[in-house]
Amino acid sequence: MHRDFAREYDSLTALYQFAEEILAASEIGEATRFPVHLALEELFTNMVKYSPDTDSDIGVDVVVEGELVTVTLTEDDVDEFDVTRAPDVDTDAPLSERTPGGLGLHLLKNIVDKLEYDYRNRRSSVVFTKGSG
């Protein structure tokens with residue numbers, strides 16, 4: 001199922017409701033729903049925060065096949081930022097030695113099963129999958 005959302009933080013409630021309706025109707029358990037919502041919120045928030053020079057909506061597709069959830073976020077007229085190549089965060093380093101940022105993507109990479117990125121003609125797409133297994 002697809003829906004476009006305005007590029008603003010106020011869209012987060014509608015985004016959550018959109019995904020939740022699909023996941024609940026498909027009887028996806030909480031152990032999968034929670035990470036899907038968390039990853040979706042992190043990616044959407046990053047798109048809003050780091051692409052302020054465009055006013056294009058952010059397209060969101062949520063597909064459920066059995067117990068596998070696939071979510072795609074697409075935005076147009078943006079610069080390239082490959083979330084799959086974001087530097088790893090050294091969570092073992094003392095706080096005084098860490099640079100701010102990156103924890104959200106670090107967490108996201110650890111809670112989803114697969115994360116992919118595609119960029120062509122100023123169009124960015126991020127796809128993640130999460131299964132119950």
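Start by selecting Phe-18: this residue is buried, with a relative accessible area of 6%. Keep in mind as you click around that the model is predicted.

**Stop 1: the phenylalanines**

Now add Phe-5 to the selection. Phe-5 counts as buried too, at 2% relative accessibility. Turn the view until you can see both rings: Phe-5 and Phe-18 make an edge-to-face aromatic pair, with 5.6 Å from centre to centre and 65° between the planes. Colour by secondary structure and you'll find Phe-5 in strand β1 (residues 2–5) and Phe-18 in helix α1 (residues 12–25), so this pair ties together parts that are 13 residues apart in sequence.

Next, bring in Phe-44. Is Phe-44 buried or exposed? Its relative accessibility is 0%, so Phe-44 counts as buried. Phe-44 forms an edge-to-face pair with Phe-5, this one at 6.5 Å centre to centre and 85° between the planes. Here the link runs between distant parts of the chain: Phe-5 sits in strand β1 and Phe-44 in helix α2 (residues 30–50), 39 residues apart. Show the three side chains together and you have a cluster, with ring pairs linking Phe-5, Phe-18 and Phe-44. The structure holds two aromatic pairs, and you've just visited them.

**Stop 2: the sheet**

Hide the side chains and switch to cartoon. What order do the strands follow? Reading across, you get β1-β2-β3-β5-β4, an open sheet of five strands with antiparallel pairing. At the edges are β1 and β4, each of which pairs on one side only. Neighbouring strands are turned against each other by 15° on average, ignoring direction.

Zoom in on β1 and β2, which pair in the antiparallel sense over four bridges. Select His-2 and look across: Asp-61 in β2 stands opposite. Then bring the helices back. Helix α1 packs on the sheet and touches β1, β2 and β3, with its direction at about 15° to that of β2. Helix α2 packs on the sheet as well, touching β1, β2, β3 and β5, and its direction makes about 165° with that of β5.

**Stop 3: the nonpolar core**

The largest nonpolar core has 28 residues; select Leu-40, Val-60, Val-62, Val-71, Leu-73 and Phe-128, the members that touch the most others. At least two residues come from each of α1, α2, β2, β3 (68–76), α3 (103–111), β4 (114–120) and β5 (123–131). Which element gives the most? That's α2, with seven residues.

Stay on Phe-128 and show its surroundings. Setting aside residues up to four places away in sequence, Phe-128 touches several residues, including Val-36, Leu-40, Leu-43, Val-71, Leu-73 and Leu-115. Polar side chains turn up there as well: Thr-70 and Lys-114 are among the residues touched.

**Stop 4: Val-64**

Move to strand β2 (residues 58–65) and pick out Val-64. Val-64 is partly exposed, at 22% relative accessible area. Beyond its neighbours within four places in sequence, Val-64 is in contact with Ile-22, Leu-23, Ser-26, Ile-28 and Val-69. Try a C-alpha to C-alpha distance to Ser-26: the two are 7.0 Å apart in space and 38 residues apart in sequence.

**Stop 5: Thr-54**

Finish in the loop between α2 and β2, where you'll find Thr-54. Despite the loop setting, Thr-54 counts as buried, at 8% relative accessibility. Its side chain reaches the backbone nitrogen of Ser-56 at 3.3 Å. Leaving out neighbours within four places in sequence, the contacts of Thr-54 are Arg-7, Asp-76, Asp-77 and Val-78.

Note on methods:
Residues numbered from 1 in each chain as written. Predicted model: local features only at pLDDT ≥ 70, side-chain atom pairs only at ≥ 80, totals over all residues. Heavy atoms only, no water. Buried < 20%, exposed > 50% of the residue type's maximum accessible area, 1.4 Å probe, protein only. Contact = heavy atoms within 4.5 Å. Phe/Tyr/Trp six-rings, centres within 6.5 Å; stacked < 30°, edge-to-face > 60°. Polar contact = N/O pair within 3.5 Å; in protein donor to acceptor, adjacent residues only side chain to side chain. Core = buried A, V, L, I, M, F, W, Y, C linked by side-chain atoms within 4.5 Å. Pairing = 2+ DSSP bridges. Axes fitted to C-alpha atoms, helices over the stretch in contact; angles between N-to-C directions.
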